[in-house]
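Me: I have a model open and would like to go through some of the labels attached to it. Could you take me through the reasoning behind them?

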Amino acid sequence: MNPDQIHLVQASFARSKDGCTDLAARFYRRLFEIDPALRGLFHGDLQQQGQRLLQMLGAAVGLLARPETLFPVLQSLGNRHAGYGVRPEHYDAVATALIDTLAEVLGSGFTTELRDAWSRLIAIVRQEMLNAPVLAFE
């Protein structure tokens with residue numbers, strides 16, 4: 001990502017969190033509309049899961065300028081998600097749900113340029129999570 005895209009994503013993430021108290025809930029609602037079968041991958045309190053989602057997304061957004069730090073975190077996360085049963089095709093639904101949620105929350109502020117920046121970030125996250133080395137347990 002270029003510096004302008006990083007700035008756009010970071011500023012818009014801060015605006016979306018500040019302007020929307022139910023950002024995670026909106027995301028999950030949209031995700032399960034897109035693919036209801038994904039609901040079965042989530043166990044426990046979805047509100048707590050939403051808090052973890054926002055924390056992880058915030059960490060990723062905060063580390064965009066430091067890929068050498070960000071990529072190992074994403075690969076570790078990808079390994080954990082694979083263990084939960086997440087498959088590569090699930091990332092498409094997540095990407096769509098996140099873009100749709102941001103568009104809803106940010107309204108007219110979700111410009112084509114901002115959409116492109118978020119789409120680039122999502123593509124990087126997906127690639128790094130899927131590139132996670134598979135851990136072998138003996």
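Reply: Happy to! Let's start with a term: two residues are in contact when they have heavy atoms within 4.5 Å. With that cut-off, residues 24 or more positions apart account for 72% of the contacts in the chain with a separation of 6 or more. One thing to keep in mind is that this is a predicted model.

Me: What makes up the chain, in terms of helices and strands?

Reply: The chain has six helices and zero strands. Following the sequence from start to end, you read α-α-α-α-α-α.

Me: How do you know whether the radius of gyration agrees with a compact globule?

Reply: We set the value against a rule based on chain length. The rule is 2.2 Å times the number of residues to the power 0.38. For 138 residues this gives a radius near 14 Å, and the chain has 15 Å, so the two agree. For the outline, the C-alpha trace spans about 50 × 35 × 25 Å along its principal axes.

Me: How much of the chain counts as buried, and what does its surface come to?

Reply: Of the 138 residues, 33% count as buried. The accessible surface is about 8100 Å², and carbon and sulfur atoms hold 54% of that.

Me: And the charges: how far apart are their mean positions?

Reply: There are 13 positive and 15 negative charges, and their mean positions are 3 Å apart.

Me: Let's move to single residues. Why is T101 called buried?

Reply: The label needs a relative accessible area under 20%. T101 has 2%, so T101 counts as buried. You will find T101 in helix 5, which covers residues 90–106. Beyond four places in sequence, T101 touches L23, R26, F27 and R30.

Me: What makes the pair T101 and A97 a polar contact?

Reply: Part of the test is distance: the N or O atoms must lie within 3.5 Å. A polar atom of the T101 side chain is 2.7 Å from the backbone oxygen of A97, so that distance falls inside the limit of 3.5 Å.

Me: Is S16 buried or exposed, and how do you know?

Reply: Its relative accessible area is 0%, and S16 is therefore buried. S16 sits in helix 1, residues 3–19. The side chain of S16 has a polar atom 2.9 Å from the backbone oxygen of F13. Leaving out residues up to four places away, S16 touches L23, L102, V105 and L106.

Me: V105 is on that list. Why is V105 called partly exposed?

Reply: Partly exposed runs between the 20% and 50% cut-offs. V105 has 21%, so V105 gets that label. V105 belongs to helix 5 and, setting aside residues up to four places away in sequence, touches S16, C20, L23 and R26. Its C-alpha atom is 7.7 Å from that of L23, although the two residues are 82 apart along the chain.

Me: What label does D100 get, and which residues are in contact with D100?

Reply: D100 has a relative accessible area of 28%, so D100 is partly exposed. D100 is also in helix 5. Leaving aside neighbours within four places in sequence, D100 is in contact with R30 and I34. The side chains of D100 and R30 are joined by a polar contact of 2.7 Å. The C-alpha atoms of D100 and V125 are separated by 17 Å, with their positions 25 residues apart along the chain.

Me: And R52: why is R52 partly exposed?

Reply: At 43%, R52 falls between the two cut-offs, so R52 counts as partly exposed. R52 is in helix 3, residues 46–62. The side chains of R52 and Q49 make a polar contact of 2.9 Å. R52 and L70 are 18 residues apart in sequence, and their C-alpha atoms are 16 Å apart in space.

Me: One last residue. What makes I6 count as buried?

Reply: I6 has a relative accessibility of 11%, so I6 counts as buried. I6 lies in helix 1 and is in contact with M1, L64 and A65, leaving aside neighbours within four places in sequence. I6 and L121 are 115 residues apart along the chain, yet their C-alpha atoms are separated by 8.6 Å.

Definitions and conventions
Residues numbered from 1 in each chain as written. Predicted model: local features only at pLDDT ≥ 70, side-chain atom pairs only at ≥ 80, totals over all residues. Heavy atoms only, no water. Helix = DSSP H or I, 4+ residues; strand = E, 2+ residues; numbered from the N terminus. Buried < 20%, exposed > 50% of the residue type's maximum accessible area, 1.4 Å probe, protein only. Areas by Shrake-Rupley, 256 points an atom, 1.4 Å probe, with all protein chains shown as cover. Lys, Arg positive; Asp, Glu negative; His and termini not counted. Charge placed at Lys NZ, Arg CZ, Asp CG, Glu CD. Polar contact = N/O pair within 3.5 Å; in protein donor to acceptor, adjacent residues only side chain to side chain.
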